[in-house]
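Visitor: Please take one small part of this model and examine it closely for me. I should like to follow it outward from a single residue to its surroundings.

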Amino acid sequence: MKAALVQLSVTDDPVKNLPVTLEFIREAAAGGAQMIATPECTNLISSDRAYQREVLHHEHNDPTLAAMRQEAERLGVYVLIGSLCLKTEDDDGRFANRSFLIGRKGAIRASYDKIHMFDLDVSETERYRESEGYRPGKQAVLAPSKYGLIGMSICYDLRFPHLYRQLAQAGAKMLTIPAAFTAGTGRAHWEVLVRARAIENSCFVLAPAQCGTHGAHEGRPRKTWGHSLAVNPWGDVLADGGTEPGVSLVDINLDEVETTRERLRSLFHDRSYEAP
């Protein structure tokens, strides 16, 4: 299978972001990609909740989702939409951060709502409270595909290894970790964590990312790390998207999953124990 990582540097305007994303998807398909993955927040990056309420849509009428489903069908490829920011029917008005696997005929094969919310004080001046605007998901998801089961996750989930362990032990051969990692935490932790999730679960990892500086209505630009990664089950980096928007193509042989699991059987050696 040939996979593609689409690295984006989105604005806070979904209308402007969509044609850029579609053009990269077409470029990836022209390069032979059968599975194309985009990053977290494919439709916009913004922390201005009032503005988001003006420009976001519910899943059933979201223009980005509709266009990407249509493009997947036209090109005959799988598209992993890293995530879309979407309205919900929740009483508190919080949004969903939702990932989608789109099949080759344009159908939604699976969707996953980000479980772990990015509530962090990165520094004295850099503070994030994702849970104030987004409600967490409650369900781990295995997505079916022609190439095998895919374990879905989003960004901050990366720091919770038990999620990936459960996905791998349930049959996942690929793990998707679309992200909009901050520049500071990305520099320190992004690659080592992505490689760790691949190694400890003997899985391929596709981790498309946002990059660059994202201007926003609230006046404080956000910087993301980039470096979209594809990693094999042994932990080798097969592709690194660097720091600019673009497409990274990578060949994936899923037979390597079983070969690696035969060599390193730690995925099956978990033991029960009493907590301290």
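Guide: The place to start is L84, which sits in strand β3, residues 78-86. Strands here are DSSP runs of E with at least two residues, helices are runs of H or I with at least four, and the numbering starts at the N terminus. The model is a predicted one, in which local features need pLDDT of at least 70 and side-chain atom pairs count only at pLDDT 80 or more, whereas totals for chains, interfaces and linings use all residues. Residues are numbered from 1 along each chain as its sequence is written, and side-chain values use heavy atoms, with hydrogens and water left out.

L84 counts as buried because its relative accessibility is 0%; buried means under 20% relative accessible area, exposed over 50%, and partly exposed in between, with a 1.4 Å probe and protein chains only. Apart from neighbours within four places in sequence, L84 is in contact with T42, N43, D62, T64, L65, A96, N97, R98 and F100, where contact means heavy atoms within 4.5 Å. T182 stands 98 residues away from L84 along the chain, and 18 Å separates their C-alpha atoms.

One of the contacts of L84 is N97, and this residue leads further. N97 belongs to strand β4, residues 96-102. With a relative accessibility of 3%, N97 is also classed as buried. Its side chain has a polar contact of 2.6 Å with the side chain of S83 and another, of 3.1 Å, with the side chain of E130. A polar contact is a pair of N or O atoms within 3.5 Å; within protein, one must be able to donate a hydrogen and the other to accept it, and residues adjacent in sequence count only if both atoms are side-chain atoms. Beyond four places in sequence, the contacts of N97 include E40, Y112, D113, K114, Y134 and I154.

E130 in turn leads to D119, a residue of strand β6, residues 119-121. Is D119 buried, exposed or partly exposed? D119 is partly exposed, because its relative accessible area is 31%. A polar atom of the D119 side chain lies 2.9 Å from the backbone nitrogen of E130, and the D119 side chain makes a polar contact of 2.6 Å with that of S131. Outside four places in sequence, D119 touches Y128, R129, E130 and S131. A239, by comparison, is 120 residues from D119 in sequence and 29 Å from D119 in space, C-alpha to C-alpha.

E130 also belongs to the setting of the largest pocket, whose space is about 500 Å³. A pocket is an open set of points on a 1 Å grid over the protein atoms alone, where a 1.4 Å probe fits and protein lies on both sides within 12 Å along at least five of seven lines; lining residues have an atom within 4 Å of a point. Grid points are joined across faces, edges and corners, and the volume is the space filled by probe spheres set on the points. Among the 31 lining residues, S47, F118, Y128, E130 and R222 are closest to the centre of this pocket. Two or more lining residues come from each of α2 (49-55), β7 (127-129) and α4 (130-133), and β7 provides the largest share, three residues. The lining consists of 13 nonpolar, seven polar and 11 charged residues; Ala, Val, Leu, Ile, Met, Phe, Trp, Tyr, Cys and Pro count as nonpolar, Asp, Glu, Lys and Arg as charged, and the others, Gly among them, as polar.

Two loop residues deserve mention. C41, in the loop between β2 (35-37) and α2, has a positive phi of about 55° although it is not a glycine, and C41 is buried at 9% relative accessibility. C155, in the loop between β9 and α5, has a positive phi near 45° and is likewise not a glycine; its relative accessible area is 7%, so C155 is buried.

Finally, the setting of this part is the whole chain, with seven helices and 16 strands. Buried residues make up 52% of its 276 residues. Of the contacts with a separation of 6 or more, 69% join residues 24 or more positions apart.
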